[in-house]
Amino acid sequence: MPFEITEELVRFLMEQNKKQSEQISELTAQVEALTKKIEELTEQKNKNSNNSSKPPSSDGLKKPNKNKSLREKTDKKQGGQQGHDGHHLEIVGEPDDIKPVIPSRCKGCPNWINCQGNSCTGEKRYVVDIEIKQTLIEYRSLTITCPLDNEKLKGDFPETINGRVSYGNKISALLVALNTVGAVSTDRVKEIAGSILNLPISKATIVTMVSRFSEKVQPVLAVIKERILSSPVVNFDETGSRVAGRTSWIHGSVTSMYTLLGFSKKRGAKGMNEVGVLPLFKGIIQHDCWASYWKYDVEHAVCCAHLLRELNGIIENHPEQEWASHFKTLLVNMKKTKDVSIINGEESANEHYLEMYNEQYDYLIKSAYEFNPLPVDNESGKRGRKKKGKIRALIERLDNYKGAVCLFFNDFKVAFDNNQAERDLRMIKVKTKVSGCFRSEDGIRDYLAAMSYIGTAKKHGKNAFQAILNVFEGNIFYAIEE
């Protein structure tokens with residue numbers, strides 16, 4: 001019996017075909033979405049401090065491969081290079097004690113009394129050690145009857161001696177140094193310093209010492225702020241920490257000679273305005289391209305080390321994106337050219353290199369755009385713009401902020417990276433790891449004031465402990481004395 005194709009059968013087959021086509025479209029879209037999600041999760045899993053903006057502390061026990069460092073390989077051997085200035089212990093002053101070292105055969109010899117007169121000094125070696133000795137100073141307030149008017153005059157104790165027994169300046173400086181520069185918690189400072197000095201030091205005493213130090217250095221911090229505001233280039237960065245049970249932000253405004261750290265509950269422009277440096281600054285600001293910095297009408301410089309890490313992430317997770325490796329090479333070559341120019345005494349790049357690197361930059365951006373076109377809108381019915389993806393976003397950032405990316409090469413006053421600011425903020429992370437958090441806003445403000453002063457002192461070549469001691473002894477401007 002022949003198979004009869006009826007109109008009803010044709011309609012049924014067309015409906016089935018339509019349903020299958022819709023199902024195939026849905027499954028295809030689902031496969032694409034899942035594939036993209038897998039790529040995103042794989043990329044996220046592969047992120048570390050060398051290929052993203054994640055801090056080194058997030059790498060955990062599984063450290064990134066050292067061969068993937070941002071530094072390029074050279075033919076130099078590890079360790080100190082030939083001709084560099086060595087560092088070793090120096091002999092300061094005369095020996096406090098001299099211990100003769102006699103030959104082993106002479107020990108216990110009955111003729112040693114006769115022989116020692118004929119001995120002569122050969123090689124000399126020295127041992128540097130310390131002697132921890134507690135001193136007690138008694139202050140006596142004298143009462144004198146003035147012969148002119150018979151008025152009784154009484155001697156006033158120094159302002160730092162406000163109790164029957166007080167801690168001296170050196171002990172105060174030691175407690176502040178351990179708690180700030182040493183990043184030691186108050187519990188451990190109490191234990192360590194109390195054991196060494198054999199004194200019943202309390203945690204409240206340590207907090208009071210840091211607070212008193214912070215109060216004393218406020219006039220110096222005002223001068224530091226003025227000098228930062230008058231600098232041609234300033235590095236800015238921010239980092240989070242737990243303060244009084246919530247995440248707050250520390251904002252750093254630093255140069256090669258000055259450090260100023262401020263506290264705010266906000267990370268963005270509100271926090272930056274509260275710290276009070278960026279709203280007044282008129283020079284070049286260098287940062288890691290955080291969106292809030294672009295709200296300020298000044299000249300910007302982007303940290304290229306951050307860009308290299310992002311490019312490393314693309315190279316590792318998307319090897320088909322060849323433009324990324326070429327762009328990384330471009331940035332590294334620009335830095336090398338600048339370094340050679342500075343060694344040769346040049347203050348700016350010559351026109352040949354400016355034009356050459358400018359053309360390479362534009363060509364690579366054009367190639368990146370062609371390889372990463374904007375996503376096509378589909379008819380899924382979802383509202384809003386379709387996600388560009390991180391690669392396309394980086395390309396647009398490199399394009400839109402070309403002047404800020406290349407400013408380190410166009411203006412030799414600008415550094416290649418923002419490491420200066422990151423180094424000055426690093427101790428915040430160390431302190432947070434050791435102590436866990438700051439219990440109060442006053443505590444974090446006192447700590448930041450101390451670290452601003454000490455950081456500036458170290459940049460001026462001053463000893464950290466001596467800088468702290470000078471504050472307690474009255475010389476508060478020691479940190480910035482030339």
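The points below describe a predicted model of one protein chain, moving from the whole chain to single residues.

1. Overall make-up. The protein chain contains 15 helices and seven strands. Of its 482 residues, 35% count as buried. Among the contacts in the chain with a separation of 6 or more, 62% are between residues 24 or more positions apart. The structure also holds 13 salt bridges, some of which are taken up in later points.

2. Helix 3 and its cover. Helix 3 spans residues 169-179, and its buried residues are I171, S172, A173, L175, V176, A177 and N179. What lies over them? The cover includes helix 4 (186-197), helix 5, helix 13 (419-435), helix 14 (441-459) and helix 15. Two of these helices, 5 and 15, also meet each other, as the next point describes.

3. Helix 5 against helix 15. In general, two packed helices are described by the angle between their axes and the distance between the axes. Helix 5 covers residues 203-216 and helix 15 covers residues 464-472; their axes come within 10 Å and cross at roughly 80°. Because of that crossing angle, helix 5 is roughly perpendicular to helix 15. From helix 5, the residues that make the contact are M209, R212, F213 and K216, and from helix 15 they are I468, V471 and F472. By type, the residues of this contact divide into five nonpolar, no polar and two charged.

4. V207 and D446. V207 is another residue of helix 5. It counts as partly exposed because its relative accessibility is 48%, and the buried class requires a value under 20%. In sequence V207 and D446 are 239 residues apart, yet their C-alpha atoms are 9.1 Å apart in space.

5. Salt bridges at helix 14. R445 and E441 both lie in helix 14, four residues apart, which is about one turn of the helix. An α-helix has 3.6 residues a turn, so residues three or four places apart point the same way. The side chains of R445 and E441 meet in a salt bridge, with 3.4 Å from N to O. Is this pair buried or partly exposed? R445 counts as partly exposed, at 36% relative accessibility, and E441 also counts as partly exposed, at 27%. The pair belongs to a network of salt bridges that links K265, E441 and R445.

6. Two further salt bridges. K99 forms a salt bridge with D97, and their closest N and O atoms are 3.6 Å apart. Both K99 and D97 are exposed. D411 forms a salt bridge with K413, where the closest N and O atoms are 2.9 Å apart. In this second pair, D411 is buried, with a relative accessible area of 16%, whereas K413 is exposed, with 52%.

7. Helix 12. This helix, residues 402-410, is mostly covered, with seven of its nine residues buried. Which residues are buried in helix 12? They are K402, A404, V405, C406, L407, F408 and F409. The cover over them includes strand 6 (284-287), strand 7 (299-302), helix 8 (304-317), helix 9, helix 10 (351-371) and helix 11 (390-400).

8. A buried lysine without a partner. K338 lies in helix 9, which runs over residues 322-343. K338 is buried yet has no salt bridge. How far away is the nearest side chain of opposite charge? That side chain belongs to D339 and is 6.3 Å away; a salt bridge would need the nitrogen and oxygen atoms within 4 Å. Apart from neighbours within four places in sequence, K338 is in contact with F408, F409, D411, F412, V414 and A415. Of these, F408 and F409 are among the buried residues of helix 12, and D411 is the residue that forms a salt bridge with K413.

9. Positive phi angles in two loops. A183 is found in the loop between helix 3 and helix 4. Its phi is near 55°, a positive value in a residue other than glycine. N198 lies in the loop between helix 4 and helix 5 and has a positive phi of about 55°, although N198 is not a glycine either. Which of these residues is buried and which is exposed? A183 is buried, with a relative accessible area of 3%, while N198 counts as exposed, at 65% relative accessibility.

Terms used
Residues are numbered from 1 along each chain as its sequence is written. This is a predicted model: local features need pLDDT of at least 70, side-chain atom pairs count only at pLDDT 80 or more; totals for chains, interfaces and linings use all residues. Side-chain values use heavy atoms; hydrogens and water are left out. Buried means under 20% relative accessible area, exposed over 50%, partly exposed in between (1.4 Å probe, protein chains only). Lys and Arg count as positive and Asp and Glu as negative; His and the chain ends are not counted. Contact means heavy atoms within 4.5 Å. Axes are lines fitted to C-alpha atoms, for helices over the stretch in contact, and angles run from 0 to 180 degrees between N-to-C directions. Angles under 35 degrees count as roughly parallel, over 145 as roughly antiparallel, 65 to 115 as roughly perpendicular and the rest as oblique. Ala, Val, Leu, Ile, Met, Phe, Trp, Tyr, Cys and Pro count as nonpolar, Asp, Glu, Lys and Arg as charged, and the others, Gly among them, as polar.
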